[in-house]
Amino acid sequence: MTFENSKKLRIAFMGTPEFAVPALRALHAAGHDIEAVYSQPPRRAGRGKKFTPSPVQQVAEELGIDVRVPVSLKTEEAQTEFTALDLDVAVVAAYGLILPQAILDAPKIGCLNIHGSLLPRWRGAAPVQRAILAGDEATGITIMQMEAGLDTGPMLLKSQTPVGEKTAGELTDELAQTGAKLMVQYLASTENYPPEVQDDVLATYAKKITKEEARLDFSQSAANALLQIRAFNPVPGAFFEYDGDRYRIHSAEIVNASGEAGTLIDDQMTIACGAGAIKPNLLQKAGRPKLPLSKFLNGTKIPVGTVLR
């Protein structure tokens, strides 16, 4: 991406997952002085469970930017180091740590967040997944001024995106690119975007996704099962269990069939729901690769009439 920017700002970037990477790259490309990047500490990942830096840390190191990975920002030492950066603004995108008031107050423009919803709808940790699960027709990005409350601050700039049939992974990637562009746009001319106070009456909360929540509920309609499959793709993966093993369904379609909810009603993996039925297109047994239905059926036999949970 190429950006033109009329103001060169002293910035701290604070983010952790892939969602935050486009914004970091965009701010760097726009010519801002990124004084430091803050990210969560490396976590164990992969089969070897080796400590792996976050996607944001990896990109920051690639760009030659100083990276800091404090466990908390609540200590006096962390806050003193942050204040010493003498920042114009801190840009936050899915950082994952609470910012104490001393951090929020340190930059001249304050701390600005790239949030993956059209606030005040879906404040909280999982706005993309919650929008899909709710069947929302549209979501988007909100650039907002951070304050002590959870995603309650004034809104500065918004962009709407249709949800369509996208998975959470696809929608998150799209929103990440939008958020990067909006943040660069905002910082280029902050005076053109007066803050808009959120209407708390319209607020909804996007609580964190739990793994058990991704268990497919076949007692609901086939349409709702598809919402689960899209919302939990790629992680944690919508699943059912059979004979002690967990099976994830990564994509499926609604078919014109019926039966007792959760029952496998034919040898093509058609699963009856509370209303209608679904036919998986892409499945994955725990510990195995993803497989299209035809290849999956070559190696896995689940008897017709089995009730899946």
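Phe296 is buried in this predicted model, at 2% relative accessibility. Its ring partner Tyr247 is buried as well, with a relative accessible area of 3%. Together Tyr247 and Phe296 make an edge-to-face aromatic pair, with 6.0 Å between the centres and 85° between the planes. Tyr247 belongs to strand β13 (residues 245-255) and Phe296 to helix α8 (residues 293-299), so this pair ties together parts that are 49 residues apart in sequence. A further ring joins in: Phe240, Tyr247 and Phe296 are linked by ring pairs into a cluster.

**Around the β12-β13 hairpin**

Let us stay with β13 for a moment. Strand β12 (residues 239-242) runs antiparallel to β13, and four bridges join the two. Across this pairing, Phe239 stands opposite Arg248 in β13. Which charged residue sits over the ring of Phe239? The charged end of Arg246 does, 3.7 Å from the ring centre. The hairpin of β12 and β13 has two residues between the strands, and Asp243 there takes a positive phi near 50°.

**Another aromatic pair**

How many aromatic pairs does a search of the whole structure find? There are four, and one of them joins Tyr38 to Phe82 in an edge-to-face arrangement, 5.6 Å centre to centre with 70° between the planes. Tyr38 comes from strand β2 (residues 33-38) and Phe82 from helix α3 (residues 76-83), so the pair connects parts that are 44 residues apart in sequence. Tyr38 is buried, at 2% relative accessible area, and Phe82 is buried too, at 1%.

Here are the two edge-to-face pairs described above, side by side:

| Pair | Centre to centre | Angle between planes |
|---|---|---|
| Tyr38 and Phe82 | 5.6 Å | 70° |
| Tyr247 and Phe296 | 6.0 Å | 85° |

**Nonpolar cores**

In soluble globular proteins, nonpolar side chains tend to be buried together. In this chain, the largest nonpolar core has 68 residues, and Phe13, Leu187, Met269 and Ile278 have the most contacts inside it. Helix α6 (residues 168-188) supplies the largest share of this core, 10 residues. Apart from it lies another core of 16 residues, which includes Tyr38, Leu87, Tyr95 and Leu99. Tyr38 therefore appears both in this core and, as a buried residue at 2%, in the ring pair with Phe82.

Helix α6 also holds Thr178. Is Thr178 buried or exposed? Thr178 counts as buried, because its relative accessible area of 18% falls under the 20% cut-off. Leaving aside residues up to four places away in sequence, Thr178 touches Ile141 and Ser159.

**The open sheet**

Seven strands make up an open sheet of mixed pairing, in the order β5-β2-β1-β6-β7-β9-β10. Which strands stand at the edges? They are β5 (67-68) and β10 (155-162); each has a single partner strand, so one side of each is left without a neighbour in the sheet. Inside the order, strand β6 (residues 89-93) and strand β7 (residues 111-115) run parallel and are joined by three bridges. Ala90 has Cys111 as its bridge partner in β7.

Cys111 is buried, with a relative accessible area of 1%, and Cys273 is likewise buried, at 3%. As for cysteine cross-links, the structure holds zero disulfides.

**An exposed arginine**

Arg44 offers a contrast to the buried residues above: its relative accessible area is 55%, which counts as exposed. Arg44 lies in strand β3 (residues 43-45). Beyond residues up to four places away in sequence, Arg44 touches Lys49, Lys50 and Phe51. Arg44 and Leu97 are 53 residues apart in sequence, and their C-alpha atoms are 18 Å apart in space.

**The chain as a whole**

Stepping back, the chain contains eight helices and 16 strands. Its C-alpha atoms fill a box of roughly 65 × 45 × 35 Å along the principal axes. Of the 309 residues in the chain, 48% are buried. Among contacts with a separation of 6 or more, 65% are between residues 24 or more positions apart.

Conventions:
Residues numbered from 1 in each chain as written. Predicted model: local features only at pLDDT ≥ 70, side-chain atom pairs only at ≥ 80, totals over all residues. Heavy atoms only, no water. Disulfide = S-S within 2.5 Å. Buried < 20%, exposed > 50% of the residue type's maximum accessible area, 1.4 Å probe, protein only. Core = buried A, V, L, I, M, F, W, Y, C linked by side-chain atoms within 4.5 Å. Phe/Tyr/Trp six-rings, centres within 6.5 Å; stacked < 30°, edge-to-face > 60°. Lys NZ or Arg CZ within 6 Å of the ring centre and 35° of its normal. Pairing = 2+ DSSP bridges. Contact = heavy atoms within 4.5 Å.
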